[in-house]
Amino acid sequence: MGILDGAFGDFTGRIGNMVFYKLNGKIVGRTIGKVDSRSESQEEILMRTSLISPFLTPLKEFIRIGFKHTPKPQDWDFYSVATSLNKPGAIMGKYPKLKINYKKVILSKGNVSPAKDVKVSLNDHQLQFSWKPDLEAKNADASDQVMLVAYFPEMLKAVFVTSGARRSAGTDMLQLPTFTERTIIETYISFITDERNDVSDSVYAGRLTWNKSLQ
Amino acid sequence: MAILRKGFLGGFSGPVGPGSGALWKGRNILKSRPGKRTKPVQPQPQHAIMDVLSRFLSPFKRFIKTGFYHKKNKDSPFNRAMHYNWDRALIGSAPNYKIDYKKIILSRGSREPAWAGTAVLEAADQIKVSWEVPVTAKMKLIGSDRAIIMVYNENEPQHICYSDKAIRSDLSATVEMLYIYRGRESHVWIFFVSPDGKSVSNSDYLGSVLTGTIDDSIN
């Protein structure tokens, strides 16, 4: 039985095969029941979600900061922005051979000048990041702090720093945990202002491989 | 067990005493209980999965209760664990399924997982498990999480050895093993749970250890 809510004529509850309820401040309606079959494009969307959501889960606290000040519709949160950017953008291939394109992943979006000439090197469980400070660039400030991400696609885990060295320092280091077997590391870099009110677009810094023989 | 879909005024589905309720052509009907099956049961692949997986998971039940805890969901944690592992953690084909120990998941959540976990044999019947906390993690928040370590052995499939006393900031824990575990590979899993028991990490497989290979007389 649907319940009429107030003078504006909002239903909540079930009427026949339709269910109405409040979702993010809006009344939404959908049909209820089991889904027997899906079209290929629906299957593709499911597959894209199943690729991107395990990827974003370990980085949730990072994208919470990365998309906090990104312009978005009123009822969206940081995760909506992250999925709406990465679900179409950061996946390559054709269904059913879809893969995450780590080069195109976006983990933060804003007006601050992004990192330039990024270099990453790996030595003994430390990732050494370096970038060109380029303080003359628009929206670049010496007091901006760096945000670093190291993501391990095989383990579906990540380590990250959201308040690293200043932009003027030009270099910072990210301590990794110890590994026992060969590990692929995808790295990203981004900046946040000292006042924490804006971020830069994230930049893909490259793929590194940790190997036992390297050490 | 009959389930009342519309409260006590509506129809119900399932057997109650000698009768059985059902929805037939849009009407709620009551009929006598169905008789016994006369044809032999045709073995289906899902029978084999159910057998292997529920046998394997049942000794872990008390930890799955924490590991798959969810406030809102109506199904039980064990149910969710079965569901999650159903098409992920098995190798082979019907009816000879085997458990892929590496892929078994015993807890699922968003808390910081165990990093660089290792399990080594310390004494003949003791496994030492150690882990790391990355410098980027907030130790103040997650330092007092309980570490739950579970050890499974094919010698004694009805029973698991465990340790749930250590906390994350200890960085290691020791599990006392049974004598009967000797001679076969013991498989080790770990996950962390917050002090209030509401937030858990994903479980990690730490590999297998052959117990009993160290001679006690040396120590």
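Ala140(A) is partly exposed, because 19 other C-beta atoms lie within 10 Å of its own, whereas a residue counts as buried from 20 such atoms upward. The model in which this residue is described is a predicted one. Ala140(A) belongs to the loop between β8 and β9 of chain A. Apart from neighbours within four places in sequence, the contacts of Ala140(A) are Ser113(A), Asp134(A), Leu135(A) and Arg167(A). Met18(A) lies 122 residues from Ala140(A) in sequence, and the C-alpha atoms of the two are 52 Å apart in space.

That separation may be read beside the overall dimensions of the chain. The C-alpha trace of chain A spans about 65 × 40 × 30 Å along its principal axes. Its radius of gyration is 21 Å, while a compact globule of 215 residues would have a value near 17 Å. Chain A contains three helices and 13 strands, and 27% of its 215 residues are buried. Among the contacts in chain A with a separation of 6 or more, 59% are between residues 24 or more positions apart.

The strand β8(A), at one end of the loop that holds Ala140(A), pairs with β11(A) in the antiparallel sense, over five bridges. Within this arrangement, Gln126(A) stands opposite Gln175(A) of β11(A). In a regular strand the side chains alternate between the two faces of the sheet. Strand β11 of chain A, residues 171–175, shows such an alternation: Asp172(A) and Leu174(A) point to one face and are buried, while Thr171(A), Met173(A) and Gln175(A) point to the other face and are not buried.

Leu174(A) also appears in the largest nonpolar core, which has 39 residues; together with Phe129(A), Leu148(A), Val149(A), Ala150(A), Phe160(A) and Ile189(A), it touches the most other members. At least two residues of this core come from each of α1 (40–56), α2 (60–66), α3 (78–89), β8 (126–132), β9 (145–152), β10 (157–161) and β12 (183–192) of chain A. The most is given by β9(A), with six residues. For Val149(A), residues up to four places away in sequence being left out, the residues touched are Leu59(A), Phe62(A), Leu107(A), Ala158(A), Phe160(A), Thr187(A) and Tyr188(A). A second, separate core has 35 residues, including Ile64(B), Ala81(B), Ile104(B) and Ile149(B).

The two chains meet where 11 residues of chain A are in contact with nine residues of chain B. On the side of chain A that touches chain B, β10(A) supplies the largest share, four residues. By class, this side has five nonpolar, four polar and two charged residues. Strand β10(A) thus appears in two settings: it supplies at least two residues of the largest core and also four residues of the side facing chain B.

In chain B, four strands form an open sheet in the order β1-β2-β3-β4, with antiparallel pairing. Strands β1 (3–8) and β4 (27–32) of chain B stand at the edges; each has a single partner strand, so one side of each is left without a neighbour in the sheet. Neighbouring strands of this sheet are turned by 40° against each other on average, direction ignored. Inside the order, β2 (residues 12–16) and β3 (residues 19–24) of chain B run antiparallel and are joined by three bridges. Here Val16(B) has Gly19(B) in β3(B) as its bridge partner.

Terms used. Residues numbered from 1 in each chain as written. Chains lettered and ligands numbered in written order. Predicted model: local features only at pLDDT ≥ 70, side-chain atom pairs only at ≥ 80, totals over all residues. Core = buried A, V, L, I, M, F, W, Y, C linked by C-beta atoms within 7 Å. Buried ≥ 20, exposed ≤ 12 C-beta atoms within 10 Å, placed from the backbone. Contact = placed C-beta atoms within 7 Å. Nonpolar A, V, L, I, M, F, W, Y, C, P; charged D, E, K, R; others polar. Rg over C-alpha atoms; globule rule 2.2 N^0.38 Å. Pairing = 2+ DSSP bridges. Axes fitted to C-alpha atoms, helices over the stretch in contact; angles between N-to-C directions.
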